[in-house]
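This briefing goes through one protein chain, from its overall make-up to its charged pairs. Please look over the sequence and the model before reading on.

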Amino acid sequence: ALPDGSDLRFVAADGITQLAHELESYDPLTGTVTAWVRLPSITSGSATTFQLYAGAIDAPAQQRPREVWGDAVALWQLAADPAGPAPALDDSGPGRLDGVALADAVRVDTPTGPGIQLDGTLDRLESAPFVPPRNAMSASVLLRLDDGSREQVLVAQGDPTAIGPSGAFELAAEPTVGDPVA
């Protein structure tokens, strides 16, 4: 494979159908690949087979992340270094809601992979505004709160203090009630 893994491609079991993927990381020294692959279907109780090809030196970049996450409003994996080139907040979804890290947010290694550490005061990540879907919406967040004594806003849009249908929403971690669990 090329040192940046750009020639890696995933193919369905038929050996022909190329599968959309997003390469999260590739280590050319160990050959370790972390990728998100959109499979046409997964059946419970049976194996799902696909293949990984590498080594086509003249191949164009194979990633198609916006096809992997085509049904998402936005998808930010927060693996990029906020001090690196923009966008530090790279949206892999079809909306292209890339953003930037503000204040002194830093990239850190976590047990589940790279992440961004925010200090709870001025640090924040900003993206372009978007219209949330009117039907059900889900959000997945993996986080570690160092301070459970106050509300910490994770995602917000609009003015959450506005009265009426402002289109605002907020996802927040509420303070711990009672004694914290050790």
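Of the 182 residues in the protein chain, 21% count as buried. The model is predicted. Its secondary structure comes to 1 helix and 11 strands, and the structure holds 2 salt bridges.

**Fold and contacts**
- Read from the N terminus, the elements of the protein chain follow the order β-β-β-β-β-α-β-β-β-β-β-β.
- Contacts between residues at least 6 apart in sequence can be sorted by separation: in the protein chain, 49% of them join residues at least 24 apart.

**Surface**
- About 12400 Å² of the protein chain is exposed.
- Carbon and sulfur atoms supply 55% of that exposed area.

**Salt bridges**
- Side chains of opposite charge can pair when their charged atoms come close.
- Arg64 pairs with Glu67 in a salt bridge, and 2.9 Å separates the closest N and O atoms.
- Arg64 has a relative accessibility of 26% and counts as partly exposed.
- Its partner Glu67 is also partly exposed, with a relative accessible area of 44%.
- Arg107 forms a salt bridge with Asp109, where the closest N and O atoms are 3.5 Å apart.
- Arg107 counts as partly exposed at 36% relative accessibility.
- Asp109 has a relative accessible area of 66%, and because exposed means over 50%, Asp109 is classed as exposed.

How values were computed:
Residues numbered from 1 in each chain as written. Predicted model: local features only at pLDDT ≥ 70, side-chain atom pairs only at ≥ 80, totals over all residues. Heavy atoms only, no water. Helix = DSSP H or I, 4+ residues; strand = E, 2+ residues; numbered from the N terminus. Buried < 20%, exposed > 50% of the residue type's maximum accessible area, 1.4 Å probe, protein only. Contact = heavy atoms within 4.5 Å. Areas by Shrake-Rupley, 256 points an atom, 1.4 Å probe, with all protein chains shown as cover. Salt bridge = Lys/Arg side-chain N within 4 Å of Asp/Glu carboxyl O.
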